[in-house]
Amino acid sequence: MPTELHPSYPVRTERLLLRPLRMADTDALVAYRSIPDLCRFVPFAPQSRADIEARIRGVFANHALTAEGQNLTLGMELAATGELIGDVILFYHSRLHAGGEVGWILNPAYGGHGYATEAARAMLRLGFEELGLRRIIARIDERNVASAQLARRLGMRQEARLVENEFFKGEWTTELDFAMLATEWFASHAGDRVTG
């Protein structure tokens, strides 16, 4: 079983190029990562230009997963235009349990076209097929209906509804936990093609 992930970039999907973020992406990242309503349900506050630049030099600079506790954030670039429209993340939680987590954020100007679903599906493929994860989860604020629907479109199973389990951004929030096993991925997504 593989225990490291070294993608060939860009990771290509039908309409997207998934690739590491760079300083030239700062304006595009600020355009959506600074929107208060968009950041309401994600684990970070609206971000400034300085915040984004620090992340590009820091956590976004990781281009591979080589040990548990790491994460890989990739930009969603429209293949047809070169526009950066969002980003996706894959967390490598545990080598022993072969567990990970997926997340996404999309510029709302590009919502409703299936781009986030396409990108998240590619990250699941990387996690299951290239990193060798056995189980990948998605943790979603119950009020984030669009993300819960996206997890279901991916074929992830809702396993839990944790009522007011976390004090998050000044209030008690209810979390929906979704998951997929590698066996489920290979049974239902084997026909998907994402290439480097």
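Helices (H or I, at least four residues) and strands (E, at least two) are DSSP runs, numbered from the N terminus. The model is predicted, so local features need pLDDT of at least 70 and side-chain atom pairs count only at pLDDT 80 or more, whereas totals for chains, interfaces and linings use all residues. Residues are numbered from 1 along each chain as its sequence is written, and side-chain values use heavy atoms, with hydrogens and water left out.

**Exercise 1. Backbone angles**

Task: Locate Lys169 and describe its phi.

Solution.
- Step 1. Lys169 belongs to the loop between strand 7 and strand 8.
- Step 2. Its phi is near 55 degrees, a positive value in a residue other than glycine.
- Step 3. Lys169 counts as partly exposed, at 41% relative accessibility; buried means under 20% relative accessible area, exposed over 50%, and partly exposed in between (1.4 Å probe, protein chains only).
- Step 4. Glu164, in strand 7, likewise has a positive phi, near 45 degrees, and is a residue other than glycine.
- Step 5. Gly155, which follows helix 5, has a positive phi near 90 degrees.
- Step 6. A cis peptide bond runs from Tyr9 to Pro10, with omega near -5 degrees; Pro10 is in the segment before strand 1.

**Exercise 2. The sheet**

Task: State the order of the eight strands in the open sheet and identify the edge strands.

Solution.
- Step 1. Two strands pair if DSSP finds at least two bridges between them.
- Step 2. The order of the eight strands is 1-2-3-4-5-6-8-7, and the pairing is mixed.
- Step 3. Strand 1 and strand 7 (157-168) are the edge strands, each pairing on one side only.
- Step 4. Strand 2 and strand 3 run antiparallel and are joined by five bridges. Pro20 has Leu74, in strand 3, as its bridge partner.
- Step 5. In general, strands of a sheet pair through backbone hydrogen bonds, either parallel or antiparallel.

**Exercise 3. Helix 5 and helix 1**

Task: Determine which residues of helix 5 are buried and what they pack against.

Solution.
- Step 1. Helix 5 spans residues 145-153, and its residues Ser147, Ala148, Leu150 and Ala151 are buried.
- Step 2. These residues lie on the same side of helix 5, because they cover an arc of only 155 degrees around the axis. The arc is that of the directions from the helix axis to the C-beta atoms.
- Step 3. Their packing partners are strand 5 (99-106), helix 4 (115-130), strand 6 (135-141) and strand 8 (171-181); contact means heavy atoms within 4.5 Å.
- Step 4. Helix 5 lies across strand 5, strand 6, strand 7 and strand 8, and runs at about 10 degrees to strand 8. Axes are lines fitted to C-alpha atoms, for helices over the stretch in contact, and angles run from 0 to 180 degrees between N-to-C directions.
- Step 5. Helix 1 lies across strand 4 (84-94) and strand 5, at about 80 degrees to strand 4. In helix 1, Thr26, Leu29, Val30, Tyr32 and Arg33 are buried, and the buried residues pack against helix 2 (36-39), helix 3 (49-57), strand 4 and strand 5.

**Exercise 4. The nonpolar cores**

Task: Identify the residues that touch the most other members of the largest nonpolar core.

Solution.
- Step 1. A nonpolar core is a set of buried Ala, Val, Leu, Ile, Met, Phe, Trp, Tyr and Cys residues joined through side-chain atoms within 4.5 Å.
- Step 2. Leu18 and Trp104 touch the most other members of the largest core, which has 41 residues. Helix 4 supplies the largest share, nine residues.
- Step 3. Apart from it lies another core, of twelve residues, including Val30, Ile52, Ile56 and Phe60.
- Step 4. Not counting residues up to four places away in sequence, Leu18 touches residues including Tyr9, Pro10, Leu74 and Met123.

**Exercise 5. Salt bridges**

Task: Trace the network of salt bridges that links Arg19, Arg22, Asp25 and Glu77.

Solution.
- Step 1. A salt bridge is a side-chain nitrogen of Lys or Arg within 4 Å of a carboxyl oxygen of Asp or Glu; the structure holds 17.
- Step 2. Asp25 pairs with Arg19, their closest N and O atoms being 2.7 Å apart. Both Asp25 and Arg19 are buried.
- Step 3. Glu77 forms a salt bridge with Arg22 (3.9 Å, N to O). Glu77 lies in strand 3 (residues 71-78) and Arg22 in the loop between strand 2 (16-20) and helix 1 (26-33), so the pair ties together parts that are 55 residues apart in sequence.
- Step 4. Glu77 counts as buried at 11% relative accessibility, whereas Arg22 counts as partly exposed at 45%.
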